[in-house]
Amino acid sequence: MSSLFSYRRLMDDSEEMLMAEDHGPDLIHPQDFSGQCGINRSGLAFHHCEEREQSVPHESLDYLPSHSKVYKKWLQQKTYGKEWDRWLLMGLIGTAVGMLGFLTHQIVDSLIKLKWDLVESYLKFFCPAGSPSGLPEIIGYLNGTSIQHLFNIKTFLGTFVSCVLAVASGLFCGLEGPMVHLGAILGCGLSQLQSDTLGIHLPFFTRFRNSADKRSFITAGAGAGIASVFRAPIGGLLFTLEEVSSFWDIRLAWQTFFCCLMATFTTDLLSSSLYGFVYRGHFGFFEAEKRILFWVKNLLDMHVLAFIPAILLGMLGGLLGALFVSLNIKINKLRMQFFNSIPKSSLSKTSKLLETALILVCTTTVTVYLPYFFPCTPVTSMRNYQLRNHSEIINQFKREISEYGCSPNTSWIGPDGVRYSNQTFNQAAALLVESGKRGITYLFKRGTHEEFGYTSLCTALAFYFILSCWTAGSAVASGLVIPMLYTGALYGRIIGLILVSIFGVQTNEYGAWIDPGLFAAIGAASFFSGVSRLTISLTVIMVEITNDVQSLLLIMLAVMVAKMVGDFFNASLYSSLLRLKCIPYLDVEPFVRHRREWLNLELFSARDVMEPHVRVLHLKENIASLAWLLASTSHGGFPVVGQPKPDQAQVFQGTIKRLELCMLLENEHIFEPETNNKSFSFSHPLQYEKITVEKLPKPSRLAMLLNRYTTDPRYQQLFINLEPYINKSAMSVQAHFSLQRTYIIFRTLGLRHLTVVDLQNRVVGVITRKDLMPFPLEERLRLQLSPQNPDAGE
């Protein structure tokens, strides 16, 4: 199971020689972002990325394919304007993710039932160490950063097994984050239909084997994951728009919408007749109580006074959310430092597994033994309509009663014709036992004003907050949505109980809004927003999983207040994890501070942050020189220059990527002796598919070829024509171009590197993702603002 511990693997010496980074147009060392431990002037915390943990650098990705002659020739062979195959793939991805979501829920439910059948004999489940949720990595990838082994079959299996066992074992986590990752893997796999691990390369949907289409399907798969696990198709769409994707257009929105629809429909269809893999009939009949995750049956009329506690819950959600983010980041820093200090890789992985086992032991101890300290209390508030119309609620408490010593209930029909019951239950057991979904259902329930007391709620809140914060980031694939909803529901219920204690149980229609169940839902949304800083998608998800349209305005208000309060203290959890993992992520807007003041990047130009020392290639390049350049550097791409006329200077013609050059050098038949430009032949260039690869197939062979090309005198007389292969639509900006607009162009187009030219179109520099990261950007602008800089006053 060693493949489950991390996405990143050590590369062999030959591959590392080709993948290491010394400057930045392609691969970026995470160390380049911060250099050392400390906090930069913009207030963003940076840490030292340990060499062993971050031995594999992150690669920048092109959003658009290279617009070369061979690419255009390849496009001519493809059918243009027909999108049926794209929609077909979106539907297949949605269906596959829906089936996976159904399978995950069924396995978790079956394991939970089996676990409680075995827990009487004190048997424990130990989760194998797997990858974390993977959501920050997906966000980083869709922003333009490649992370190794993020979408391979081993990661898929490890994440699936790990998240299922983690949730079923009782850890305070959920399926949401791993399902986003699993959906993204399915989106990648089904659209590419090739696997280096399995040695499969199917000849279908080949036109989608480019970075732009690949990201679109990964985005749709991630949204389908959320849609399937929450049965919330609109929420899945908006979640990808607000949090996951960095590149968005209306066509992708429609296709992601369709993919989320298919995922939710498939999950609902299969769940309509199967429970625990046992056929229960009613195939195709979607029962609201089963389909809606936390169905609120009794909607309440709102009063304007309800906005006051909603604002209070929003403030509390922002404060506790910021505290949760801060504690989780500190725990993960300590975790990384400890594991990186262990010299042996096998011992480090074993330590991660032991930490997971320790978390499980602590969690199980709390959930199993803590309820014994709480007495059994009568189920008083469900005496009326709930038991009369939904008598199955008795069975929901059956497990807690039988296991925690509560006396069996008896029921009778009173003179008024209503069925009464003397059922008792253990409050702490109802909140802590089994998965968090059942506890959230209890907390959201309306008309249960005094079902849970202060002691049980505060105890559950303290333990759930601490243990879920510790679990997040450990070596198990775990999600945080259920813990966030549960934690917020607990303190929301406490606020509602305080109002009930002050004003009493209100039975009239104008005071019915004083219900702890209502404020539990608002508190859940506020804490979710305080941690994730989501707004639009979170509001829609809350409505879809509760069916409570009446409280929409209250949820919106609490979410907005929580986000504003949380942003005052720190960044969101996902943004903080991106920085912690040294994933180069470009925000929508650059925020740079100097001497406690925000800098306006419109006052700076591209020359202020560019790398001036640029290696350029010519349209006709010597083989020996090109091989030496590739062997001595690891730049990911190079500007190509040429002379429009013999008497003119070398000007910018386009760019070519390192991998394309490497694939060209593996084909000696295209090498030609030195000739004049007019007779240089390129009548039979290589096909586009042969030079477009995501990684080198045989790095050791290329290393051997580079050594031969640089040492054998014959290759000093051979040349290669790069003109058919260069990207002639490569972006470039002039040196005086606005830095603010340079940043927007770079991020919006998903560029790998941006060439800087002068007024005569001569190459004078290059800008990479590394140059636009907050810390390097701030350092370079600080030098520009220093008094010693002669250009500081321009």
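**Reading helix crossings and cores**

Me: The axes of helix α22 (residues 536–546) and helix α23 (residues 552–569) come within 10 Å and cross at roughly 145 degrees. In which hand does α22 pass α23, and which residues make the contact?

Reply: Please note that this is a predicted model. The crossing of α22 past α23 is right-handed. From α22, the contact is made by Leu538, Thr539, Met542 and Val543, and from α23 by Leu552, Ile555, Met556 and Val559. In general, an α-helix has 3.6 residues a turn, so residues three or four places apart point the same way.

Me: How many residues of the contact of α22 with α23 are nonpolar, polar or charged?

Reply: They divide into 7 nonpolar, 1 polar and no charged.

Me: How is a second pair, α25 and α26, to be read: what angle do their axes make?

Reply: Helix α25 (residues 623–632) and helix α26 (residues 658–665) have axes that come within 11 Å and cross at roughly 135 degrees. Angles from over 115 up to 145 degrees count as oblique, so α25 is oblique to α26. This crossing is left-handed. Its contact joins Ile623, Leu626, Ala627 and Leu630 of α25 to Arg658, Leu661, Cys662 and Leu665 of α26. The division here is 7 nonpolar, no polar and 1 charged.

Me: Turning to the interior, which residues touch the most other members of the largest nonpolar core?

Reply: A nonpolar core is a set of buried residues joined through side-chain atoms within 4.5 Å. In this structure the largest has 125 residues, and Phe151, Phe230, Phe444, Leu485, Leu490, Ile522 and Met542 touch the most other members. Helix α20 (residues 481–503) supplies the largest share, 13 residues. A second, separate core holds 32 residues, including Tyr688, Ile691, Leu696 and Ile726.

Me: Which residues does Met542 touch, leaving aside those up to four places away in sequence?

Reply: Met542 touches Phe444, Leu485, Ala521, Ala524, Ala525 and Ile555. Met542 of α22 and Ile555 of α23 also belong to the helix contact discussed above.

Me: Why is helix α5 described as largely enclosed by the rest of the structure?

Reply: Buried means under 20% relative accessible area. In helix α5 (residues 135–143), 9 of the 9 residues are buried, so α5 is largely enclosed by the rest of the structure. Among these buried residues are Glu137 and Asn143.

Me: Against which elements do the buried residues of α5 pack, and what follows α5?

Reply: They pack against β5 (145–146), α7 (176–192), α8 (211–230), α9 (233–244), α24 (573–580) and α29 (739–748). Gly144 follows α5, with a positive phi near 120 degrees.

Terms used
Residues numbered from 1 in each chain as written. Predicted model: local features only at pLDDT ≥ 70, side-chain atom pairs only at ≥ 80, totals over all residues. Heavy atoms only, no water. Buried < 20%, exposed > 50% of the residue type's maximum accessible area, 1.4 Å probe, protein only. Helix = DSSP H or I, 4+ residues; strand = E, 2+ residues; numbered from the N terminus. Contact = heavy atoms within 4.5 Å. Axes fitted to C-alpha atoms, helices over the stretch in contact; angles between N-to-C directions. Left-handed = near helix turned anticlockwise from the far one by under 90°. Nonpolar A, V, L, I, M, F, W, Y, C, P; charged D, E, K, R; others polar. Parallel < 35°, antiparallel > 145°, perpendicular 65-115°, else oblique.
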